[in-house]
Amino acid sequence: MAEFTRTILARLRQFVGDRRHSKRQCVRLSFSLSLAAASQSLNGTRRIRTLDGHTSDISDNGLALIVPQITLAEHHLVGENRSLNVKLQLPTGPIDLVGMPVRYERFEEGEAETGYLIAVKIVSMPDADRERFSQYVASLQQA
């Protein structure tokens, strides 16, 4: 039922309009993500599992991530107070950011993409990475 509700809301957003304040730029960039709290294995070492995907669009304060699955190491990627570590591959090199998922939807059969789209709000980023990211987004807006 929740999946159906998300799909309806996404479709409604297409017809009614979008309330986002930052202009999103359609761009496909590779990324890998991990859960902010790495799981601990039985021998006490931390093992970080990652999931690879690509962006659908980006803005100054958010990303639309496309991933093949909605779980990682048996943890749901979208949940209350869930944070994601994202290593985003810009043309000038990788940047790191922490994002908070705000919604997700599953692609329907017959759509161009497969898997899930996760809308992520950027929560934090190192200053140098923030500068490079902002410059990249600005360059897309000028194109």
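In this predicted model, serine 34 turns up in strand β2, which covers residues 30–35. With a relative accessibility of 8%, serine 34 counts as buried, because anything under 20% falls in that class. So who keeps serine 34 company, once its neighbours within four places in sequence are left aside? Its contacts are Ile48, Arg49 and Thr50, then Leu72, and then the run Ser83, Leu84 and Asn85.

Strand β2 also has a share in the largest nonpolar core. This core holds 30 residues, and the ones touching the most other members are Leu33, Ile58, Leu77, Leu88 and Phe133. Several elements give two or more residues to it: β2, β5 (51–59), β6 (62–67), β9 (84–90), β10 (93–106), β11 (116–124) and the helix α2 (127–142).

Leucine 77 is worth a closer look. Leaving aside neighbours within four places in sequence, leucine 77 is in contact with Leu33, Leu35 and Leu51, and with Val67, Gln69, Ile70, Thr71 and Leu72. The list of contacts for leucine 77 carries on with Arg82, Leu84, Pro101 and Ile118. Leu72 and Leu84 also appear among the contacts of serine 34.

Next comes histidine 76, which sits in strand β8 (residues 75–76). Is histidine 76 buried, exposed or something in between? Its relative accessible area is 29%, so histidine 76 is partly exposed. Outside its neighbours within four places in sequence, histidine 76 is in contact with Ile70, Thr71, Arg82 and Tyr104. Ile70, Thr71 and Arg82 are on the contact list of leucine 77 too. The side chain of histidine 76 also reaches the backbone oxygen of valine 78, at 2.8 Å. As for leucine 35, it is 41 residues away from histidine 76 along the chain, yet their C-alpha atoms are separated by 9.5 Å.

Two loop residues round off the picture. Most residues other than glycine have a negative phi. Alanine 73 goes the other way, with a positive phi of about 50 degrees although it is not a glycine. Alanine 73 lies in the loop between β7 (71–72) and β8, and its relative accessible area of 24% makes it partly exposed. Asparagine 81 has a positive phi as well, of about 60 degrees, and is not a glycine either. Where is asparagine 81 found? Its place is in the loop between β8 and β9. Asparagine 81 has a relative accessible area of 66%, so it counts as exposed, the cut-off being over 50%.

Conventions. Residues are numbered from 1 along each chain as its sequence is written. This is a predicted model: local features need pLDDT of at least 70, side-chain atom pairs count only at pLDDT 80 or more; totals for chains, interfaces and linings use all residues. Side-chain values use heavy atoms; hydrogens and water are left out. Helices (H or I, at least four residues) and strands (E, at least two) are DSSP runs, numbered from the N terminus. Buried means under 20% relative accessible area, exposed over 50%, partly exposed in between (1.4 Å probe, protein chains only). Contact means heavy atoms within 4.5 Å. A nonpolar core is a set of buried Ala, Val, Leu, Ile, Met, Phe, Trp, Tyr and Cys residues joined through side-chain atoms within 4.5 Å. A polar contact is a pair of N or O atoms within 3.5 Å; within protein, one must be able to donate a hydrogen and the other to accept it, and residues adjacent in sequence count only if both atoms are side-chain atoms.
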